[in-house]
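Please open the model in a viewer and keep the sequence panel visible beside it. The tour proposes one selection after another and states what is found at each stop.

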Amino acid sequence: MALTYTWEFPALDCYPTHAEQENVVFTVHWRLQGEDALGNTGHVYSTVGLTLDAEAEFIAFDDLTKDVVQGWVETALQNQPTPMAGANVLEAIKTSIEAQIQEKLTPSRITKSAPWATTPIAPAI
């Protein structure tokens, strides 16, 4: 299934000061959404901690861009182990999103009103 992925980064946790720098990001809150050609979506929302590397070039908080933060998140997720053999966490997340969309397309379970019910239940969204 071919999906288009969109990253969002709604919040960044920072140390007010660290290693003589201000507003040093140490955790990124992220959401990855996948969408198929028909507009069906699935998503995962989580956080990832960053390794503070004294040797790395420091980027001031006000100079951060979405692309920079996305690179940090993807690197951090790709370096995390996962129980799935041969996969990294980012691959597992994308597999989960694909499974969410597949479940919408072909549900493995449904909820129905009882045949005697006078008020139908609202369908799950």
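Begin with α1 and select Val-69, Val-73, Ala-76 and Leu-77, which are buried (buried means under 20% relative accessible area, exposed over 50%, and partly exposed in between, with a 1.4 Å probe and protein chains only). These residues lie on the same side of α1, because they cover an arc of only 95° around the axis; the arc is that of the directions from the helix axis to the C-beta atoms.

A note on the model is due here: it is predicted, local features need pLDDT of at least 70, side-chain atom pairs count only at pLDDT 80 or more, and totals for chains, interfaces and linings use all residues. Residues are numbered from 1 along each chain as its sequence is written, and side-chain values use heavy atoms, with hydrogens and water left out.

**The first helix as a whole**

Extend the selection to residues 66–78, the 13 residues of α1. Helices (H or I, at least four residues) and strands (E, at least two) are DSSP runs, numbered from the N terminus. From its first C-alpha to its last, α1 reaches 18 Å, close to the 18 Å expected at 1.5 Å a residue; the expected span is 1.5 Å times one less than the number of residues. Now add β1 (4–18), β2 (21–35), β3 (41–49) and α2 (89–105), against which the buried residues of α1 pack. Contact here means heavy atoms within 4.5 Å.

**The two helices together**

Hide everything except α1 and α2. Their axes are 6 Å apart and the helices pack at an angle of about 100°. Axes are lines fitted to C-alpha atoms, for helices over the stretch in contact, and angles run from 0 to 180 degrees between N-to-C directions. α1 and α2 are therefore roughly perpendicular to each other (angles of 65 to 115 degrees count as such, under 35 as roughly parallel, over 145 as roughly antiparallel, and the rest as oblique). To see the contact, select Glu-74, Leu-77 and Gln-78 of α1 with Val-89, Leu-90 and Ile-93 of α2.

**The sheet**

Next, display the three strands, which form an open sheet in the order β1-β2-β3 with antiparallel pairing. Two strands pair if DSSP finds at least two bridges between them. β1 and β3 stand at the edges with a single partner strand each, so one side of each is left without a neighbour in the sheet. From one strand to the next, the twist averages 20°. Restore α1, which packs on the sheet and touches β1, β2 and β3; its direction makes about 95° with that of β1. α2 also packs on the sheet, touching β1, β2 and β3, and its direction makes about 155° with that of β3.

**From β1 to β2**

Which bridge partners can be selected along this antiparallel pair of 12 bridges? Cys-14 stands opposite Val-25 in β2, Tyr-15 has Val-24 as its bridge partner, and Thr-17 stands opposite Glu-22.

Move to the hairpin of β1 and β2, which has two residues between the strands. Ala-19 lies in this loop and has a positive phi of about 50° although it is not a glycine. Glu-20, also in the loop between β1 and β2, is likewise not a glycine, and its positive phi is about 65°. Is Ala-19 buried or exposed? Ala-19 is exposed, with a relative accessible area of 62%, and Glu-20 is exposed at 80%.

**From β2 to β3**

Finally, show β2 with β3, which pair in the antiparallel sense over nine bridges. Select Trp-30 and its bridge partner in β3, Ser-46. The two strands form a hairpin with five residues between them, and Gly-39 in the turn has a positive phi of about 90°.

The last stop is Ala-37, in the loop between β2 and β3. Ala-37 is exposed, with a relative accessible area of 81%. Add Leu-3 to the selection: the C-alpha atoms of Ala-37 and Leu-3 are separated by 7.3 Å, although the residues are 34 apart along the chain.
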